[in-house]
Amino acid sequence: MITAQPAISEEEGARRDALAGHLFESAQRTAEMLNVYLGERLGLYRALSAGDRITPAELGRRAGIDRRYAREWLEQQASAGVVTVEDAGLSAEERRFRLPGGHAEVLVNPDSTSYLAGLARLVGSVAGVLPELLSAYRTGGGVPWSAYGADAREGQAVTNRPLFLSELGTSWFPAMPELHARLQADPPARIADIGCGAGWSSIAMARAYPKVQVEGFDSDEESVLLAQTNAADSGVAFRTSFEQRDAAGLHPAGYDLITIFEALHDMSRPTDVLHALRRALAPGGSVLVVDERVHDQFLGQTDELDRFMYAISTLMCLPASMAEDNSEALGTVLRPETVRRLAAEAGFARVEVEPVESPLFRFYRLLP
Ligand SMILES: C[S@@+](CC[C@H](N)C(=O)[O-])C[C@H]1O[C@@H](n2cnc3c(N)ncnc32)[C@H](O)[C@@H]1O
């Protein structure tokens, strides 16, 4: 039986239609992003990146996938405008597809700051933990970061990697002249990189400042192993080290700089961590927190960055931080007011927001 809908005003009808349209578009885009996940994980974009025009059977052969799936995926990619089709009027087996100029950079060039295929892995990692998420929402428990698996770990790493490697030493740190000078000076600065993940921020600092010694710490064992491999492959293994450790247990080793890139909001007990970091600083040292450049306050309906961060928060960062007991449960949308409060509670005397240009990140210097 179909229930009669209550009468609504013209304005409410317009709102209903707008929301229905918005949700349909979101569903379509979510499904398209998961198709990017397939293309990335199965090497389909790499197989297309030679730039030639290929048939479904050729893609199947090159990437080692079934040709029927290859055909459907290519047609889907063409429908979404990711690949182009030479002559749509040919038979399905004869049609040739290619990645148009510019698209390969976004999909297969991990060195480019436009590279976004890793984001499909990060978002796609949520699919594997949906039952655990439902349960966490009901019980108030969490879903540990490690449960999101290699897709989250590696998706996060490759998304930030080009930013760290290209911006950190040329733009971000030079915008903080006193810090920049210290990292170039003698005696060589000691840096601790907290929540270092796959190590790309540590590697970027070691590369940008040839004197510094960087010690990376992460509570996730797999991330630490990845960081060690990445540092060795990047030729900076002799000036970097990586250790599995909860940052709250950091030894007071006299660091000139302690960094936390996109990780403070993931921590279950960030105040304890900041306490430990303050004690671990050398005289004159500071903690640099790099976190999301979200609005200063909650605005209700808002723009792309806050929207994205909220959507990631509910699915990933908040549940990951709530996986431990007595979590402060910050969530991804870490606002300046919260950073100031945490820093004050941890005994820091001052927080300065540094004049670093970045559409994604805000840079906070915590001074003891
Ligand atoms: C979103 S990832 C960021 C990784 C890396 N900094 C980057 O920007 O790509 C957050 C990282 O913080 C780590 N983490 C969370 N809580 C931690 C803690 N208490 N101590 C050390 N690492 C922690 C997680 O294991 C994860 O690798």
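# A guided tour of a two-domain model

Between the centres of domain 1 and domain 2, taken over C-alpha atoms, there are 34 Å. To see this for yourself, colour residues 13–108 as domain 1 and residues 124–367 as domain 2. Keep in mind throughout that this is a predicted model.

**Stop 1: the ligand**

Select the ligand and show what lies around it. How many residues surround the ligand? There are 23, and the closest are G195, G197, D220, A247 and A263. Two elements give two or more residues to this shell: α8 (149–172) and β4 (213–218). The largest share, three residues, is from α8. Now colour the shell by class: you should find eleven nonpolar, seven polar and five charged residues.

**Stop 2: the largest nonpolar core**

Next, select I194, I258, L277 and V289. These four touch the most other members of the largest nonpolar core, which has 63 residues. Helix α8, already met beside the ligand, gives the most to this core, with seven residues. A second core of 31 residues lies apart from it; V36, I54, L74 and W145 are among its members. In soluble globular proteins, nonpolar side chains tend to be buried together.

Zoom in on I258. Leaving aside neighbours within four places in sequence, what is I258 in contact with? Its contacts are A192, I194, L277, A280, L281 and V287.

**Stop 3: two parallel strands**

Show residues 255–261, strand β6, together with β7; the two run parallel and are joined by six bridges. For one of these pairings, select L257 and look across to S286, its bridge partner in β7. Now take strand β7 (residues 281–292) as a whole. Nine of its twelve residues are buried, so the rest of the structure largely encloses this strand.

**Stop 4: a covered helix**

Move on to helix α10, residues 200–208. Here seven of the nine residues are buried, and the helix is mostly covered. The buried ones are W200, S201, S202, I203, A204, M205 and A206. What do the buried residues of α10 pack against? Turn on α8, β3 (190–194), β4, α11 (221–233), β5 (240–244) and β6 to see their packing partners.

**Stop 5: some backbone details**

Most residues other than glycine have a negative phi, and most peptide bonds are trans. The next three selections depart from that pattern.

- Select D186 and P187: the peptide bond joining them is cis, with omega about -5 degrees. You will find P187 in the loop between α9 (177–184) and β3.
- Select N326, which is not a glycine but has a positive phi of about 55 degrees. N326 sits in the loop between α13 (304–321) and α14. Because N326 has 8 C-beta neighbours inside 10 Å, this residue counts as exposed.
- Select A329, also in the loop between α13 and α14. A329 has a positive phi, near 50 degrees, and is not a glycine. With 15 other C-beta atoms within 10 Å, A329 is partly exposed.

**Stop 6: buried or exposed?**

Three residues make a good closing set.

Start with V339 in helix α14 (residues 336–345). Is V339 buried or exposed? V339 counts as buried because 23 C-beta neighbours lie inside 10 Å. Not counting neighbours within four places in sequence, V339 is in contact with V289, L334, V351 and Y364. V289 may look familiar, as one of the residues with the most contacts to other members of the largest nonpolar core. Add L264 to the view: L264 is 75 residues from V339 in sequence, with 9.0 Å from C-alpha to C-alpha.

Then jump to V143, in the loop between α7 (130–139) and α8. V143 counts as buried because it has 24 C-beta neighbours inside 10 Å. Beyond residues up to four places away in sequence, V143 touches V129, E132, L133, A136, P319, A320 and A323. A line from V143 to V339 spans 24 Å between C-alpha atoms, and the two are 196 residues apart along the chain.

Finish at T170 in helix α8. T170 has 10 C-beta neighbours inside 10 Å and so counts as exposed. From T170, look over to L305: these residues are 135 apart along the chain, and their C-alpha atoms are separated by 24 Å.

Conventions:
Residues numbered from 1 in each chain as written. Predicted model: local features only at pLDDT ≥ 70, side-chain atom pairs only at ≥ 80, totals over all residues. Domains from an automatic or database assignment. Helix = DSSP H or I, 4+ residues; strand = E, 2+ residues; numbered from the N terminus. Buried ≥ 20, exposed ≤ 12 C-beta atoms within 10 Å, placed from the backbone. Contact = placed C-beta atoms within 7 Å. Near = placed C-beta within 6 Å. Nonpolar A, V, L, I, M, F, W, Y, C, P; charged D, E, K, R; others polar. Core = buried A, V, L, I, M, F, W, Y, C linked by C-beta atoms within 7 Å. Pairing = 2+ DSSP bridges.
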